Amino acid sequence: MDEREEKRRELRAKAMQLPLTPGVYIMHDKSGEIIYIGKAKALKNRVSQYFGSERNHDAKVRKMVSNVDYFEYILTDSEFEALVLESSLIKQNQPKYNILLKDDKGYCYIKISGGDWPRLSAVLQKDDDEAKYIGPYLSFWSIRETVDAARKIFRLPDCNRKFPRDIGKDRPCLNFYIDQCCAPCRGKVSNEDYNEAFLQALDFVKGGSSTSVRELTRRMEQAAEELDFELAARLRDRINAINKLRDRQKVVESSVPEQDVFALAQGESQTAFEVFRFTGGKLTDRESFLTEGTEPDPEARSGFLRQYYAMRDRIPPVVTLDGECDEQELVARWLTDRRGKTVKINVPQKGSQKHLCDMCHNNAAEYLAQRSGLQGRDASALDELRRLLGLEKSPAYIECYDISNLQGDENVAGMVVFENGRPLKAAYRRFKIKTVEGQDDYGSMREVIGRRFGEYKTKQAEGDNTGFGRLPDLILLDGGRGHVNAVQPVLEEMGIEVPLYGLVKDDKHRTRAIAQSGGEISITSTRKAFTLLSTIQDEVHRFAIGYHRQQRKKSAISSTLLSIEGVGPQRAKSLLKHFKTVTAVGEAELSELERAPGMNKPSAKRVYDYFHGENS
């Protein structure tokens, strides 16, 4: 027994002596540093789980457990007291293996540069320069969005050029051609007109869109009365630009005046959290977080909420989640206690609030994709599939199998692999069925799965984790419950613990559901997962059919050309390559056969006699 296994058993023995009461447990490494803090309703049950079978834990938990040298615990009178104490201790100690969220809510400012051609920008701190600053503000995201909107509406530059130094020195950038910059660099905008637009932009960021529209409307009407139609037209265009921006912002308006919306997306080894914060029904801030490791969604939401609000002074009356939260009532009570007023946790199933959760989830998936090198669409589809099937982690490596034959003849199978939502063609494999006679799809599928994972066992024994030595995150079969029920015992007998599902088609040969041993799961309502599964099923069908046709073609050759004395596989292949078809070979003259590549006169005569003799 190695030292690590001995330590694990020692810690498990100590954990089994803990009481079945609420409390907080604190894990230490060899140096005495706190590396993890958790709470439990029953300390004995929770802590002993860490030191049981490693199969029950993800990579992050296994790594944490391998570094635990000893643990201590604090008893509490209730689970609620344990939650409060856990949050306080995590904030104080910042343990390595807890979800660590840094409180980056520092102050930010709107910077107004000096000179005759001033600029607007959002900055995180003041510099020792001649610029003026408006602020401080708490949300850098909202300030940055406001400044960007002001620059686009009032057509102010956001490049690094200096004016008047760079006027007339270079061509304008793309923003000029898409009507988002007046391009002072062209030298056709007066300093007076530029400063007029700049002051209006400054009013916009200070007073908001409603104030700006009222003032601009007043000035437009005044210009029209004074017959200054050019100025009135410019002001009208700016009013229209502000109104268009407001229309776009209505997409993310909330019917609940003050709330925070949370969503998560999980990858193979990381979890992304997205937060939309609404004040006055408007989206005023958003934050993105990425944490190592994956947990079941309810546990991940619960842990994230507790640490997020341990760092925040502002807690809204409504917290909206994209799914269920572990210990939801307990967390709501803790938030209520921190806020001093009632906090409701809401999990919408339909309507505008569900739409906000979906939008928040898409942003979480996009953030996860950016950090893991995926496409946002693929990350979102895989996370949707994970939720649909109730998988512990996103299925980054998927294998799908299909059987193809013609009334039991030329029985073959194809296996396709999708990695991170995309075909991994180098990993595709073809199987010629060896042990099954006739049309027996169930038996054929059992043979293929047995051979594939037999190779896995062999490669694992050799220490090879490539190709068949890699275990998939999900196995899909082109078929229904019958296929799943036929194959599941094979996996269980071999000790392979991989989720197994079937892909079911409708009468128009379109993917409509996922089959499991106990029934079916409809996929038509999960758009991205539906598209991914349909693509996988179409691809495996194409691949298997292609191999089947290839085998039939070989069979046709063997039943004709290969049956001629003196014609072997290589000569038959050369004949087909030269004449294109078996029919053309049969219609060829003797002299043509003699001149064909790889042929000699005796062989050519036998081929000619075969097709033109009495028994042809």
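Colleague: Which residues of helix 19 are buried, and what makes them count as buried?

Modeller: In this predicted model, S603, A604 and V607 of helix 19 are buried, which means that each has under 20% relative accessible area.

Colleague: How do you know which side of helix 19 they are on?

Modeller: S603, A604 and V607 cover an arc of only 100° around the axis, so they lie on the same side of helix 19. In general, an α-helix has 3.6 residues a turn, so residues three or four places apart point the same way.

Colleague: What do the buried residues of helix 19 pack against?

Modeller: They pack against helix 16 (569-579), helix 17 (582-587) and helix 18 (590-595).

Colleague: How does the reach of helix 19 compare with the expected span?

Modeller: Helix 19 (residues 601-612) has 12 residues. From first C-alpha to last it reaches 16 Å, close to the 16 Å expected at 1.5 Å a residue.

Colleague: Why is the set of 32 residues called a nonpolar core?

Modeller: The name applies because its members are buried residues of the nonpolar kinds, joined through side-chain atoms within 4.5 Å. Those with the most contacts inside this largest core include I110, F154, L156 and F204. Strand 4 (108-112), helix 5 (140-153), helix 7 (191-225) and helix 8 (229-249) each give two or more residues to this core; helix 7 gives the most, with 10.

Colleague: What is L156 in contact with, leaving aside its neighbours within four places in sequence?

Modeller: L156 is in contact with R151, Q180, C181, Y194, A197, F198 and A201.

Methods: Residues numbered from 1 in each chain as written. Predicted model: local features only at pLDDT ≥ 70, side-chain atom pairs only at ≥ 80, totals over all residues. Heavy atoms only, no water. Helix = DSSP H or I, 4+ residues; strand = E, 2+ residues; numbered from the N terminus. Expected span 1.5 Å × (residues − 1). Buried < 20%, exposed > 50% of the residue type's maximum accessible area, 1.4 Å probe, protein only. Arc of directions from axis to C-beta. Contact = heavy atoms within 4.5 Å.
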